Amino acid sequence: MPLILDLIDSIGKKKVFTKMDLRWGYNNVRIKKGDEWKAVFSMPKRSFEPMIMFFGLTNSPATFQAMINDLLSVITLEP
């Protein structure tokens, strides 16, 4: 774990700060159009095709991490 003083020193000159709710973001990653059938689940009366990723799907964490990496690669915090 980094020391608090080191963290304060590293953010002291920054101008932009953000707070991301990763749980909210994770549950709002859309499944690629046409691939919804891969995540279908059945209930007694009908089947459902989710439009967003949810916990438990194979590769959901990797897909979310790739999306966040792409998003953060665009943002530069250095002046």
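Where does I4 sit? The first view takes that up; keep in mind throughout that this is a predicted model.

**View 1. I4 and the nonpolar patch on the surface.** I4 belongs to helix α1, which covers residues 4-11. With a relative accessible area of 60%, I4 is exposed, since the cut-off for that label is over 50%. I4 also has nonpolar company out there: together with L5, L7 and I8, I4 makes up a surface patch. Added up, the accessible area of these four residues comes to about 420 Å².

**View 2. Helix α3 from end to end.** Here we look at the 15 residues of α3, numbers 60-74. From first C-alpha to last, the helix reaches 22 Å, close to the 21 Å you'd expect at 1.5 Å a residue.

**View 3. The two sides of α3.** S60, F64 and I68 are the buried residues of this helix. Look down the axis of α3 and these buried residues fall within an arc of 60°, so they line one face of the helix. The spacing fits a simple rule: an α-helix has 3.6 residues a turn, so residues three or four places apart point the same way. Part of the cover over the buried residues of α3 comes from α2 (22-26). Over on the other side of α3, you'll find D70, S73 and V74 exposed.

**View 4. M53, tucked into a loop.** M53 lies in the stretch linking β2 (47-48) to α3. Is M53 buried or exposed? M53 has 7% relative accessibility, so M53 counts as buried, the limit being under 20%. Setting aside neighbours within four places in sequence, M53 has contacts with S60, T63 and F64, and Y26, N27, V29 and I31 are on the contact list too. Two of those partners, S60 and F64, turned up in the previous view as buried residues of α3. A39 makes a handy distance check: A39 is 14 residues from M53 in sequence, with 8.5 Å between their C-alpha atoms.

**View 5. F54, in the loop between β2 and α3.** What does F54 touch, not counting residues up to four places away in sequence? The partners are Y26, N27, A39 and S60. Y26, N27 and S60 are also in contact with M53. At 30% relative accessibility, F54 counts as partly exposed, whereas M53 is buried. For a pair that is further off along the chain, take F54 and N28: they are 26 residues apart in sequence and 8.5 Å apart in space, C-alpha to C-alpha.

Technical notes:
Residues numbered from 1 in each chain as written. Predicted model: local features only at pLDDT ≥ 70, side-chain atom pairs only at ≥ 80, totals over all residues. Heavy atoms only, no water. Helix = DSSP H or I, 4+ residues; strand = E, 2+ residues; numbered from the N terminus. Expected span 1.5 Å × (residues − 1). Buried < 20%, exposed > 50% of the residue type's maximum accessible area, 1.4 Å probe, protein only. Arc of directions from axis to C-beta. Contact = heavy atoms within 4.5 Å. Patch = residues over 30% accessible without salt bridge, like charges linked within 9 Å, V, L, I, M, F, W, Y side chains within 5 Å. Areas by Shrake-Rupley, 256 points an atom, 1.4 Å probe, with all protein chains shown as cover. Salt bridge = Lys/Arg side-chain N within 4 Å of Asp/Glu carboxyl O.
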